[in-house]
Amino acid sequence: MPRAFLVVLDSVGCGGAPDAAAFGDAGANTLAHIAETCAAGRADEGREGPLSLPNMDALGLGRAIELASGVTAPGLGVAPTGRWGAATEVSPGKDTPSGHWELAGVPVPWDWTYFPDTHPAFPPEVREAVCTAAGTDGILGDCHASGTEIIERLGTEHVRTGWPICYTSADSVFQIAAHEETFGLERLLRLCQDLAPLLHGMRVGRVIARPFVGDEGSYRRTSNRRDFAIAPPSPTLCDWAQVAGRQVNAIGKIGDIFSMRGIDTVAKGTDAELMEALQARVTDADEGSLTFANFVEFDTNWGHRRDPTGYARQLEWFDAQLPRVMAGLQPGDLLLLTADHGNDPTYRGTEHTRERVPVLMHGVAPGAVGLCAFADVAATVADHLGLDPAGPGRSLL
């Protein structure tokens, strides 16, 4: 039986979302703007010259950008040898759960709760719940913030007081940063787990543990992040596969995003470690299996930090890994690359951007599939695996 490898390049959008202005993101285009920055010679730290993504471009990346947004990205746009298109999201959000759930066949059926960009940002009952669960007299932060900025600003006070650093963003999220050694990693994870039912009941999409280490002036986040997400409201692609007796392998934060529902195995780590895990699954995954991966560092390390140079380096690193992944695929396997939202590193602010996303396929007949829906990704993978889809999408095969 054929296998499927669904790989999400977190935040690698390609512009053109028809409702971008409603999200305050008119004109955002993650890939095109990175390519333009590189072509202008403004992204030469640790790399040089135009953006070079020959393997993804051969699958149709440049053409997908042009289809999605009408923009020709410098250095991209060769005649594709893969099957390609661009997908549009219908869920009312530009966050991780919305994008991933819809890619897995379940558009979000409700409006998320977002905390106001004020200080304090959280209602009294949330602050009280944190203090009770943490056993502290107060919290730090209580605001919208960048995760790296807030630990630099409040990390020392956190170590001194033991109070958890609580913050949010334009996404429907409640994040808690704490020092792995002085506060304790297990204590942080337990705190987030205990708070999740309250926040989920408020329709806040995720409670995220953000552990960090180091000393004043050198705090750094670790790879022990964990997301406690609301469970999808109906069965997803992962469930469809598992119910049919297929192995479902999660790589990266996929298990967290789907609350471990429909998941058999999990691999976590840095993106470099996740690439090795993907390569391992290409080698040994069962016949008929689904491997669902998320590579997050495009988003966390470069998009939110508004660093187009670092983002370009990460894209080129990923592209350079693709030949060995594709070389390991068996006849009949499908590799599908896509994204969950945008995070244009040249755009104002530090948040995700509402964009269409590329859909690139290897292992099936080449050709253009045009503009499609996020849910069509799930229907396509299900069709390839011979599953009965229960979502609203259509197969692109």
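User: Is Phe318 buried or exposed?

Analyst: In this predicted model, Phe318 is buried, because its relative accessible area is 1% and a residue counts as buried under 20%.

User: Which ring forms an aromatic pair with Phe318 at 5.3 Å centre to centre?

Analyst: An angle over 60 degrees between the ring planes counts as edge-to-face. The structure has 12 aromatic pairs. In one of them, Phe295 meets Phe318 edge-to-face, with 5.3 Å from centre to centre and 75° between the planes. This pair links distant parts of the chain: Phe295 belongs to strand 11 (residues 290–295) and Phe318 to helix 12 (residues 308–328), 23 residues apart. Phe295 is buried, with a relative accessible area of 0%.

User: How is the pair of Trp317 and Phe318 arranged?

Analyst: The ring centres of Trp317 and Phe318 are 6.5 Å apart and their planes lie at 65°, so this pair is edge-to-face. Trp317 is partly exposed, at 26% relative accessible area. Ring pairs join Phe295, Phe298, Tyr311, Trp317 and Phe318 into a cluster.

User: Which ring has the charged end of Arg203 over it?

Analyst: The charged end of Arg203 sits over the ring of Trp110, 4.0 Å from the ring centre. Arg187 lies over the face of Phe183, with 3.9 Å to the ring centre.

User: How should one read the salt bridges, and how many are there?

Analyst: Side chains of opposite charge can pair when their charged atoms come close. The count for this structure is 17 salt bridges. In one of them, Arg354 and Asp19 meet at 2.8 Å, N to O. Arg354 is in the loop between strand 12 (334–338) and strand 13 (357–362), whereas Asp19 is in the loop between strand 1 (4–9) and helix 1 (30–39); the two are 335 residues apart. Arg354 is buried, at 3% relative accessible area, while Asp19 is partly exposed, at 27%.

User: What does the salt bridge between Lys94 and Asp25 tie together?

Analyst: The side chains of Lys94 and Asp25 meet at 2.7 Å, N to O. Lys94 lies in the loop between strand 2 (83–88) and helix 4 (96–103), and Asp25 in the loop between strand 1 and helix 1, so their pair ties together parts 69 residues apart in sequence. Lys94 is buried, at 11% relative accessible area, and Asp25 is buried, at 3%.

User: Which residues are joined into one network by salt bridges that share partners?

Analyst: Asp19, Glu89 and Arg354 are joined into one network through salt bridges that share partners.

How values were computed
Residues are numbered from 1 along each chain as its sequence is written. This is a predicted model: local features need pLDDT of at least 70, side-chain atom pairs count only at pLDDT 80 or more; totals for chains, interfaces and linings use all residues. Side-chain values use heavy atoms; hydrogens and water are left out. Rings of Phe, Tyr and Trp (its six-membered ring) pair if their centres lie within 6.5 Å; planes under 30 degrees apart count as stacked, over 60 as edge-to-face and the rest as tilted. Helices (H or I, at least four residues) and strands (E, at least two) are DSSP runs, numbered from the N terminus. Buried means under 20% relative accessible area, exposed over 50%, partly exposed in between (1.4 Å probe, protein chains only). A charge sits over a ring if NZ of Lys or CZ of Arg is within 6 Å of the ring centre and within 35 degrees of the ring normal. A salt bridge is a side-chain nitrogen of Lys or Arg within 4 Å of a carboxyl oxygen of Asp or Glu.
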